[in-house]
Amino acid sequence: MPLLEITDMTVAYGRIEALHSVSLTVDEGELVTLIGANGAGKTTTMRAISGVHPLAGGSIVFDGRDVTKMKPHLRVHEGIIQAPEGRGVFAGMTVMENLEMGCFARTFKTKAEHDETLERVFTFFPRLAERRTQVGGTMSGGEQQMLAIGRALMARPRLLLLDEPSMGLAPMIIQQIFRIISEINKQGTTVLLVEQNAQQALSRSDRAYVLETGSVVRSGPGKELLADPAIKDAYLGVA
């Protein structure tokens, strides 16, 4: 049984249908990527999974349980955690305060469990440990992205939704972020990634889906899609 199973998911903004019968699965332990052009429906898919956008049709099943109509905060309790597009750090809060907000809706049973999770975040992102008293809004774009992912990890995700983690970052920082995402996945966290940097995403993904104008048009192993001439032409700029 997949950890996440989406069947014929349809999402509309008023009369405009943004997603048309999208179906996809994510197995436990996988790193799965959604790629597509701007406006293809990638972010809408993520927001629908996290419960921010209601479905006009179809279903979302998480760990065998139908969560289609479940409220967003209850999905957090189930372990569906999103690091949103644009990072969304709390600009007036310190690094530590931002991280603590990550576990606000999914509290720890013991202080030891909290401290262990925080140490894991600092292991992935040593820069956050160095700057734990710095205000989030004064950090660089790369540091804010680290903070956004670290905050999501504080909620102990069973499914980590990452929406455009490389957006607006320098190439060296992008490589660093993707190395960390791969390591998070290797340590057991299931990841669903939305990303326009197809080269980085597909090379590290177990499987991938291609969205075009609200529909899934291709799917397959990440490296197989990366080698596909049509994908190279459309998303890598290589004819």
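The following exercises concern helix packing and strand pairing in a predicted model.

**Exercise 1.** Determine how helix 6 and helix 7 are oriented relative to each other, and which residues make their contact.

*Solution.*
Step 1. Helix 6 spans residues 141-153 and helix 7 spans residues 171-186; their axes come within 10 Å and cross at roughly 15°.
Step 2. Angles under 35 degrees count as roughly parallel, so helix 6 is roughly parallel to helix 7.
Step 3. The handedness of this crossing is right-handed.
Step 4. On the side of helix 6, the contact involves Gly142, Gln145, Met146, Ile149 and Leu153, while helix 7 supplies Ile173, Gln176, Ile177 and Ile184.
Step 5. Sorted by class, the contact of helix 6 with helix 7 comprises six nonpolar and three polar residues, with no charged residues.

**Exercise 2.** Describe the open sheet: its strand order, its edges and the turn between neighbouring strands.

*Solution.*
Step 1. Six strands form the open sheet, in the order 6-7-8-3-9-10, with mixed pairing.
Step 2. Strand 6 (80-83) and strand 10 (215-221) are the edge strands, each of which pairs on one side only.
Step 3. On average, neighbouring strands of this sheet are turned by 20° against each other, direction ignored.

**Exercise 3.** Identify the sense in which strand 6 pairs with strand 7, and locate the bridge partner of isoleucine 81.

*Solution.*
Step 1. Strand 6 pairs with strand 7 (residues 159-163) in the parallel sense, over four bridges.
Step 2. Isoleucine 81 has leucine 160 in strand 7 as its bridge partner.

**Exercise 4.** State which strands helix 7 lies across.

*Solution.* Helix 7 lies across strand 3 (31-35), strand 7 and strand 8 (190-194), and runs at about 150° to strand 8.

How values were computed. Residues numbered from 1 in each chain as written. Predicted model: local features only at pLDDT ≥ 70, side-chain atom pairs only at ≥ 80, totals over all residues. Heavy atoms only, no water. Axes fitted to C-alpha atoms, helices over the stretch in contact; angles between N-to-C directions. Helix = DSSP H or I, 4+ residues; strand = E, 2+ residues; numbered from the N terminus. Parallel < 35°, antiparallel > 145°, perpendicular 65-115°, else oblique. Left-handed = near helix turned anticlockwise from the far one by under 90°. Contact = heavy atoms within 4.5 Å. Nonpolar A, V, L, I, M, F, W, Y, C, P; charged D, E, K, R; others polar. Pairing = 2+ DSSP bridges.
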